[in-house]
Amino acid sequence: MSNLLDLVLAGLATGAIYAIVAVGFTLLWQTSQTINFAQGEFVMLPAFLMLAAMHAGAPFWLAILIGILLSLLLLGLGFKLLLVDPMLRHGVLPLAIATMALAIGIKEAVKQFFSAEASPFPSLVPVGDISIFGRAVSLQSLGVLALAILAVFGLTALLNRTSVGRQMQATAQNPAVARIIGIPVERMILLTFLINACLVALASLLITPIYLAKFSSGEVLGQAAFIAAIVGGFNQVRGAIAGGLLIGVVDNLAAAYISTQYRAAVPLILLIAIILFRPQGLLGRAEERTV
Amino acid sequence: MRELKKYWRITLGIVAILALIVLPLGLNRYGLFILSQWAVMTIAAMGLNLTLGYAGQVSLAQGAFVGIGAYAAAIMTTQGMPLVAALGVSILLCFAVGWLLGYPALRVQHHYLAFVTLAFSTLAFLAFRNEGWITNGIYGISNIPRPTIFGFPTNRPLPFYYLCLASLGIVSVAMWWLIRSPWGRAFLALRENPIRAQSLGVDTRRYTLMAFAIGSALAGVAGTLYAPLTQYIDPVPFNLSLSLDLLMMVIVGGAGFFFGPFLGAMIAVLLPEWLRFTEGYYLMLYAASVIVLLIYSPTGILGILDRLATERRTKTASALRASAGSSLEAAP
């Protein structure tokens, strides 16, 4: 039983990171119909940017700051201006393919300019166990979970409580009407790209100490985020959060109780089942189709 | 004018075919391997072009079907069975599995379908890796024999290249015919407007499943050739990135154009070789050129040509109209 609790806690911690990535993914989809196949690589890159800053002699806190600023610039602004804007009018599929090519490009660039080997990454929260009610609990899991929950709450508060957040939601729901009532739609879309850049940088900061910084680590992460986004509901921020947590826990439990070889299969089967029987996701609304 | 263009096209086609037959005579082992790989990947990409380009169904599982075909061929031929038998089994197996994978497409479309097929692709990879009793797991299957066709052994690279080229030829002719048949038109109707197609009496359900099944069966053909080409297979080449690569080939070449997969596979297989002098940068350059191409022309390379041709036709037509107009005015 105690083992089960540990597994669930560790699952929730990774799941919370998946949730952060999945939220960014759904935000991009909602505001600009971008299916970002490079989202996993977006999470992998900031860790390397921070590592590079540290190699150049910056202390850890400054490296984090530089990493976040650079990802805002590259993965937020640059991604939107150079890739999404010119491709958006061509439809969903060419844009999705372009992000696939982008994923290859980022992976290869990291492999070429940094290293093909996995590098260790300093942890934001202290590593070790603390005792809660006489049981040892991983401090890292707790810390990650706490930070991720904080980020998610911050984001939901931004989206639901502030004027900017409401304008962003309006943009996502109906850009034409949003424009008519005077919302700066373009600026709101840019804002979601910047928020996504922030989220992936945060996810990078949280997950890299656990899984090491490696150029190929984005593949697994990206897929987990897709699955989380779809399972929860592609058009719902809270769906993506629930999906992320669920996938994290299911993945961990499957590894322990079903088979380590097929642990990756369980979330996929869940994904197929959800798409076939409840395509709008667990918490999503059905999207209307136009004839 | 039109006649001339037709002759020009036929000449171009014959020159291309002759070049594919004659030029490899001077190539070394590695060059022949790359060209054979191009032929094999073109077959797989043609299958995906049918599913995606003509019938409009997104699939991210084409690489998995190449894997299924390759494993079927590897297992059967190492057991001493002829490659032709393996080909039959591959086609049937991929057709059946592809048909089943088509069912989700009846319920969901676009990005959801992409994710279902993506999940299938990863599941297939896990099965290749973990079902060691039949696939030999991560150790892979080695010593895959090359076939003897009509008494000609194809052990050497050149004969095997001709086998790949001949297969590509047969598949191309079959595809050419299929696209021009009523089925091909039904696929197009499915892509353009499924609801309208249905109201006109096209059995969209059957054609959706067929688009998946035939496209997958072609991937099975490619896989059957891939196994004896490399003579060793393990799960790694058949992971998700092969499916993504094949999708990129189709889009970059031009989805829905007959010759799109030929060009796309050429870029994906040959361009990295030409860029080899750039060493570690070639995949970066490849990725960057794909992005630039898609920004400039989302319908791929053949899309550019198509656009140019249309522009020229409009120009000629308006010039004709203008001269016709002036001659009419001058007539009375």
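**Exercise 1. Does A:Q30 count as buried or exposed, and why?**

*Solution.* Start with the rule: a residue is buried if 20 or more other C-beta atoms, placed from the backbone, lie within 10 Å of its own, exposed if 12 or fewer, and partly exposed in between. Next, count: A:Q30 has 20 C-beta neighbours inside 10 Å, so A:Q30 counts as buried. Then place the residue: A:Q30 sits in helix α1 (residues 2-32) of chain A. Finally, look along the chain: A:A172 is 142 residues away from A:Q30 in sequence, yet their C-alpha atoms are separated by 5.2 Å.

A word on the model and its labels: this is a predicted model, where local features need pLDDT of at least 70 and side-chain atom pairs count only at pLDDT 80 or more, while totals for chains, interfaces and linings use all residues. Residues are numbered from 1 along each chain as its sequence is written, and chains are lettered from A and ligands numbered from 1 in the order in which they are written.

**Exercise 2. Describe the surroundings of A:G243.**

*Solution.* First find the residue: A:G243 belongs to helix α10 (residues 237-257) of chain A. Now apply the burial rule: A:G243 has 36 C-beta neighbours inside 10 Å and therefore counts as buried. For its partners you need the contact rule, which asks that the C-beta atoms of two residues, placed from the backbone, lie within 7 Å. Setting aside neighbours within four places in sequence, A:G243 touches A:A22, A:A228, A:A229, A:V231, A:G232 and A:L282. One more distance helps: the C-alpha atoms of A:G243 and A:I230 are separated by 7.5 Å, with these positions 13 residues apart along the chain.

**Exercise 3. Give an overall portrait of each chain.**

*Solution.* Begin with the elements, which are DSSP runs numbered from the N terminus: helices (H or I, at least four residues) and strands (E, at least two). Chain A has 11 helices and 2 strands. Read from the N terminus, its order is α-α-α-α-β-β-α-α-α-α-α-α-α. The radius of gyration (taken over C-alpha atoms) is compared with the globule rule, 2.2 Å times the number of residues to the power 0.38. For chain A the radius is 19 Å, close to the 19 Å that the rule gives for 291 residues, so chain A is as compact as a globular protein of that length. Its C-alpha atoms fill a box of roughly 60 × 50 × 35 Å along the principal axes. In chain A, 51% of the 291 residues are buried. Of its contacts between residues at least 6 apart in sequence, 73% join residues at least 24 apart.

Repeat the steps for chain B, which has 14 helices and 2 strands. Its radius of gyration is 22 Å, close to the 20 Å that the globule rule gives for 332 residues, so chain B is as compact as a globular protein of that length. The box for its C-alpha atoms is roughly 85 × 50 × 45 Å along the principal axes. Buried residues account for 45% of the 332 residues of chain B. Among contacts in chain B between residues at least 6 apart in sequence, 77% join residues at least 24 apart.

**Exercise 4. At what angle do α3(B) and α10(B) pack, and which residues make the contact?**

*Solution.* Axes are lines fitted to C-alpha atoms, for helices over the stretch in contact, and angles run from 0 to 180 degrees between N-to-C directions. Helix α3 (residues 62-78) of chain B packs against helix α10 (residues 204-230) of chain B at about 50°, with axes 6 Å apart. That makes α3(B) oblique to α10(B). Here is the scale: under 35 degrees is roughly parallel, over 145 roughly antiparallel, 65 to 115 roughly perpendicular, and the rest oblique. The contact residues include B:F65 and B:A70 of α3(B) and B:A219 and B:Y226 of α10(B). Sorted by type, the contact residues give 12 nonpolar, 8 polar and no charged. Nonpolar covers Ala, Val, Leu, Ile, Met, Phe, Trp, Tyr, Cys and Pro; charged covers Asp, Glu, Lys and Arg; the others, Gly among them, are polar.

**Exercise 5. How many residues does each chain bring to the contact between them?**

*Solution.* Chain A gives 31 residues and chain B gives 30 residues. On the side of chain A that touches chain B, α3 (60-88), α4 (92-113), α9 (218-232) and α11 (265-277) of chain A each supply at least two residues. The largest share, 13 residues, comes from α4(A). By type, this side of chain A divides into 26 nonpolar, 4 polar and 1 charged.
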